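Reader: I'm new to this one and I keep tripping over the vocabulary. Could you walk me through why things get the labels they get?

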Amino acid sequence: MRTSPLLAIGAIALLGCSRIDPEKFAQVFDLAESVRTATPAELPEHRARFERELKQLEQERPHGSERTVMQLLRQASSQWMYADLSADAYHRSGSAEERQVTLRQWRSCMNKGAESIGRARRLVMESTRF
């Protein structure tokens, strides 16, 4: 009896993927949305709340696929930290050209953080489909 390659891949995927509880990540995703929509002046406060929630999740010892979600959340956190630094540099900039450069850096870092959050959300949602 031959097993279909698609069936075999599906079975391996199911065995290798652990189900992720979306409720476990709901608060951090809500906080990520507040970071994503924050102005440069609001970013430090929103980022600090996101960081606290992320540290709390890390203490819960994520398993399996949750570790991948956590890695994506940490990537977003790092990008938002760089955005925060870019906002500081923007305020210290002496010329309009320097401000434009730091503003582009800020936007880029904010977008990269949002992309990581989007990937983490998709991973959580996809794990609940099984």
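Author: Sure. Let's start with a cut-off: a residue is called exposed when its relative accessible area is over 50%, and buried when that area is under 20%. One thing to keep in mind is that this is a predicted model.

Reader: Okay, so why is Arg 61 called exposed?

Author: Its relative accessibility is 70%, and the bar is over 50%, so Arg 61 counts as exposed. You'll find Arg 61 in the loop between α3 and α4.

Reader: What else is there to say about the phi of Arg 61?

Author: That phi is positive, about 55 degrees, even though Arg 61 is not a glycine.

Reader: Let's zoom out. What is the chain built from?

Author: Five helices and zero strands. Read from the N terminus, the order is α-α-α-α-α. The chain has 130 residues, and 34% of them are buried.

Reader: How do contacts spread along the sequence?

Author: Take the contacts between residues at least 6 apart in sequence: 74% of those join residues at least 24 apart.

Reader: What makes Leu 73 buried or exposed?

Author: The relative accessible area of Leu 73 is 0%, and anything under 20% is buried, so Leu 73 is buried. Leu 73 sits in helix α4. Skipping neighbours within four places in sequence, Leu 73 is in contact with Phe 25, Val 28, Phe 29, Phe 50, Leu 54, Leu 57, Ile 117 and Ala 120. One of those partners, Phe 50, is 23 residues away in sequence and 9.5 Å away in space, C-alpha to C-alpha.

Reader: How do you know they're in contact if the C-alpha atoms are 9.5 Å apart?

Author: Contact is judged on heavy atoms, which have to come within 4.5 Å. The 9.5 Å runs from C-alpha to C-alpha, so the two numbers answer separate questions.

Reader: Which residues have the most contacts inside the largest nonpolar core?

Author: Phe 25, Phe 29, Phe 50, Leu 73, Trp 80 and Ile 117, in a core of 25 residues. Helices α2, α3, α4 and α5 each supply at least two residues of this core, and α4 gives the largest share, with eight residues. As a general tendency, nonpolar side chains in soluble globular proteins tend to be buried together.

Reader: What does Trp 80 touch?

Author: Leaving out neighbours within four places in sequence, the contacts of Trp 80 include Ala 32, Val 35, Leu 43, Phe 50, Cys 109, Met 110 and Ile 117.

Reader: Does charge rule out burial, or put better, what makes Asp 84 buried or exposed?

Author: The relative accessible area of Asp 84 is 8%, which is under 20%, so Asp 84 is buried. Asp 84 belongs to helix α4, residues 65–92. Beyond neighbours within four places in sequence, Asp 84 is in contact with Leu 43, Pro 44 and Arg 47.

Reader: On to the helices. What makes α3 roughly parallel or antiparallel to α4?

Author: They pack at an angle of about 155 degrees, with axes 11 Å apart. Angles over 145 count as roughly antiparallel, so that is the label for α3 and α4. Their crossing is left-handed. Among the residues making this contact are Leu 43, Pro 44, Arg 47 and Phe 50 of α3, and Leu 73, Trp 80 and Asp 84 of α4. By class, the contact has 10 nonpolar, one polar and five charged residues.

Reader: And α2 with α4: roughly parallel or antiparallel?

Author: Here the angle is about 20 degrees, with axes 12 Å apart. That falls under 35 degrees, so α2 and α4 are roughly parallel. α2 passes α4 in a left-handed crossing. The contact includes Phe 25, Val 28 and Phe 29 of α2 and Val 69, Leu 73 and Trp 80 of α4. Its residues are nine nonpolar, no polar and three charged.

Reader: Last pair: what makes α2 roughly parallel or antiparallel to α5?

Author: Their axes come within 11 Å and cross at roughly 160 degrees. With the cut-off at over 145, α2 is therefore roughly antiparallel to α5. The contact includes Phe 25 and Phe 29 of α2 and Ile 117 and Ala 120 of α5. By class there are 11 nonpolar, no polar and three charged residues in the contact of α2 with α5.

Key
Residues numbered from 1 in each chain as written. Predicted model: local features only at pLDDT ≥ 70, side-chain atom pairs only at ≥ 80, totals over all residues. Heavy atoms only, no water. Helix = DSSP H or I, 4+ residues; strand = E, 2+ residues; numbered from the N terminus. Buried < 20%, exposed > 50% of the residue type's maximum accessible area, 1.4 Å probe, protein only. Core = buried A, V, L, I, M, F, W, Y, C linked by side-chain atoms within 4.5 Å. Axes fitted to C-alpha atoms, helices over the stretch in contact; angles between N-to-C directions. Parallel < 35°, antiparallel > 145°, perpendicular 65-115°, else oblique. Left-handed = near helix turned anticlockwise from the far one by under 90°. Nonpolar A, V, L, I, M, F, W, Y, C, P; charged D, E, K, R; others polar.
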